[in-house]
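Morning, everyone. I have one protein to walk you through today. Please look at the screen.

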Amino acid sequence: MNFIENLFAKYTDGKIIQWFKKVCLLEAVSWVFLFSAMIWIRYDREGLLPTIYIIIIGNIHGLFFTLYLLLLVPARRIFKWDDEDTVFALLSAFFPFATIWIDKKFARLDRE
């Protein structure tokens with residue numbers, strides 16, 4: 001964890017908050033494209049285009065998923081999350097569109 005803290009130490013809290021909110025939204029949007037890829041590949045299993053599409057979309061979704069997990073460490077410090085909130089934010093990455101809820105309800109500085 002110290003490595004991740006050092007990685008983001010040179011950036012201001014405002015910049016990290018901005019990145020976290022964007023990544024929350026983009027991770028959720030990538031779920032939509034991932035679902036469309038799964039539906040397309042279900043109906044055209046032998047096609048080359050659905051296979052290429054699911055590979056590309058899967059990699060993009062994996063990128064946003066990884067960025068979300070990396071940004072959770074400085075977000076915990078900035079938003080003063082306790083262990084329960086952090087675990088909840090971590091688990092939300094595994095459920096479709098839950099990162100939007102984290103962005104709207106948890107990622108606030110005025111939260112009590």
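I'll start with the whole fold, then go through a few helices and residues.

First, a caution. This is a predicted model. Keep that in mind throughout.

So, what is the fold made of? The protein has five helices and zero strands. Follow the sequence along and you read α-α-α-α-α.

Now the dimensions. Take the principal axes and draw a box around the C-alpha atoms. That box is roughly 50 × 25 × 20 Å.

Next, the surface. The protein exposes about 7,400 Å². Carbon and sulfur atoms supply 68% of that area. What share of the 112 residues is buried? The figure is 35%.

Then charge. There are 13 positive and 12 negative side chains. The centres of those two sets lie 5 Å apart.

One more number for the whole chain. Consider contacts between residues at least 6 apart in sequence. Of these, 68% join residues at least 24 apart. We'll meet some examples shortly.

On to helix 3. Helix 3 covers residues 48-79, which is 32 residues. From the first C-alpha to the last, helix 3 reaches 45 Å. The expected value, at 1.5 Å a residue, is 46 Å, so the two are close.

Where does helix 3 kink? Look at Val73. The kink there is about 35°, and it comes shortly before the proline Pro74.

Pro74 has a partner to point out. Ala9 sits 65 residues away from Pro74 in sequence, yet their C-alpha atoms are 8.8 Å apart in space. Ala9 is in the loop between helix 1, residues 2-8, and helix 2. Is Ala9 buried or exposed? Its relative accessibility is 57%, so Ala9 counts as exposed.

Let's leave helix 3 at its end. Just after helix 3 comes Lys80. Lys80 lies in the loop that leads to helix 4, residues 83-92. Here is some background. Most residues other than glycine have a negative phi. What does Lys80 do? Its phi is near 55°, a positive value in a residue that is not glycine. Lys80 is also exposed, with a relative accessible area of 70%.

There is another case in the next loop. Phe97 is found between helix 4 and helix 5. Phe97 is not a glycine, but its phi is positive, about 65°. How accessible is Phe97? Its relative accessible area is 37%, so Phe97 is partly exposed.

That brings us to helix 5, residues 98-106. I picked three residues there.

Start with Thr99, which has its place in helix 5. Why do we call Thr99 buried? Because its relative accessible area is 0%, and the cut-off for buried is under 20%. What does Thr99 touch? Set aside neighbours within four places in sequence. Thr99 is then in contact with Cys24, Glu27, Ala28, Tyr68, Ser92 and Ala93.

Next is Ile100, also in helix 5. Ile100 has 30% relative accessibility, so it counts as partly exposed. Leaving out residues up to four places away, Ile100 touches Cys24, Leu25 and Ala28. Take Cys24 in particular. Ile100 and Cys24 are 76 residues apart along the chain, and their C-alpha atoms are separated by 5.8 Å.

The third is Asp103, again in helix 5. Is this aspartate buried or exposed? Asp103 has 10% relative accessibility, so it counts as buried. Beyond residues up to four places away, Asp103 touches Lys21 and Cys24.

Notice the name that keeps coming back. Cys24 is on the contact list of Thr99, of Ile100 and of Asp103.

Last stop, helix 2, residues 13-43. Ser30 lies in this helix. Its relative accessible area is 5%, so Ser30 is buried. What does Ser30 touch? Not counting residues up to four places away, the list is Ile57, His61 and Phe64. Compare Thr66, which is 36 residues from Ser30 in sequence. The C-alpha atoms of Ser30 and Thr66 are 13 Å apart.

Let me recap. We have a predicted model with five helices and zero strands. Helix 3 has a kink at Val73. Lys80 and Phe97 each have a positive phi. And Thr99 in helix 5 is buried, at 0%.

That's my tour. Thank you.

Conventions. Residues are numbered from 1 along each chain as its sequence is written. This is a predicted model: local features need pLDDT of at least 70, side-chain atom pairs count only at pLDDT 80 or more; totals for chains, interfaces and linings use all residues. Side-chain values use heavy atoms; hydrogens and water are left out. Helices (H or I, at least four residues) and strands (E, at least two) are DSSP runs, numbered from the N terminus. Buried means under 20% relative accessible area, exposed over 50%, partly exposed in between (1.4 Å probe, protein chains only). Contact means heavy atoms within 4.5 Å. Accessible areas come from the Shrake-Rupley method with a 1.4 Å probe; for residues, only the protein chains shown count as cover. Lys and Arg count as positive and Asp and Glu as negative; His and the chain ends are not counted. The place of a charge is taken as NZ of Lys, CZ of Arg, CG of Asp or CD of Glu. The bend at a residue is the angle between axes fitted to the seven residues ending there and the seven starting there.
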